[in-house]
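Student: Could you take a close look at one part of this structure with me? I would like to follow how the helices pack and what lies around them.

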Amino acid sequence: MIVAETPRLRIRHLTAADSAFTCRLLNEPSFIENIADRGVRSELDAMHYLAEGPIKSYQQHGYGLFLVEHSESQTPLGFCGLLFREYLQETDIGFAFLPQFWGQGYAFEAASAVMQFGYHKLNLKRIVGLTSAGNTSSVKVLNRLGLQFEKMVQMQPAAEYVQLYS
């Protein structure tokens with residue numbers, strides 16, 4: 001299912017067919033450093049991650065992480081989506097792209113489209129951004145989206161604090 005399209009991008013639901021790309025993205029050193037190590041080491045692990053993460057979230061919340069692909073070539077570039085953070089009772093805009101696609105405006109373009117989807121199609125009242133303090137690239141994207149630092153939060157008890165932008 002296509003969620004949004006921009007002149008350069010198509011943003012759609014992830015499926016089991018995206019397991020090879022998912023495995024590649026989740027094992028990027030930048031993903032592990034800035035987001036988390038999800039323990040996905042094989043395509044089978046990726047299929048489980050997709051089933052228990054994004055696909056389950058579509059069923060529970062009507063949204064989740066989406067695949068961002070180039071609209072003409074259908075080359076997968078990264079993920080961008082909305083994640084309901086149970087512990088915080090907040091919906092977060094999340095994004096991650098392969099390093100070769102950084103610095104080309106894809107994260108901002110995709111996140112803008114996904115936020116429009118969240119506000120106008122899902123009628124969400126609030127979408128926040130969460131990032132580690134040292135992730136300056138993500139902070140820049142969040143600021144361009146119009147989000148400003150609000151406070152430090154823990155994603156779960158005993159976890160490190162991250163910055164919440166609203």
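Tutor: Happily; here is a walk from the helix packing to the nonpolar cores. A word on the basis: this is a predicted model, in which local features need pLDDT of at least 70 and side-chain atom pairs count only at pLDDT 80 or more, while totals for chains, interfaces and linings use all residues. Residues are numbered from 1 along each chain as its sequence is written, and side-chain values use heavy atoms, with hydrogens and water left out.

Let us begin with helix α1 (residues 19-26) and helix α3 (residues 43-52), which pack at an angle of about 95 degrees with their axes 8 Å apart. Helices here are DSSP runs of H or I with at least four residues, strands are E runs of at least two, and both are numbered from the N terminus. The axes are lines fitted to C-alpha atoms over the stretch in contact, and angles run from 0 to 180 degrees between N-to-C directions. α1 and α3 are therefore roughly perpendicular (65 to 115 degrees). On the α1 side, S19, A20, T22, C23 and L26 meet E43, A46, M47, Y49 and L50 of α3, where a contact means heavy atoms within 4.5 Å. The residues of this contact divide into seven nonpolar, two polar and one charged; Ala, Val, Leu, Ile, Met, Phe, Trp, Tyr, Cys and Pro count as nonpolar, Asp, Glu, Lys and Arg as charged, and the others, Gly among them, as polar.

Next comes helix α4 (residues 54-61), where P54, S57 and Y58 are buried (under 20% relative accessible area, with exposed over 50% and partly exposed in between, using a 1.4 Å probe and protein chains only). Seen down the axis of α4, its buried residues fall within an arc of 105 degrees, so they line one face of the helix; the arc is taken from the directions from the helix axis to the C-beta atoms. These buried residues pack against β2 (9-13), α3 and β3 (65-70). Q59 and Q60, on the other side of α4, are exposed. After α4 comes G62, with a positive phi near 85 degrees.

Finally, the largest nonpolar core has 46 residues, and I11, F79, I93 and F95 have the most contacts inside it. Such a core is a set of buried Ala, Val, Leu, Ile, Met, Phe, Trp, Tyr and Cys residues joined through side-chain atoms within 4.5 Å. Helix α5 (residues 106-121) gives the largest share of this core, eight residues.

Key: Parallel < 35°, antiparallel > 145°, perpendicular 65-115°, else oblique.
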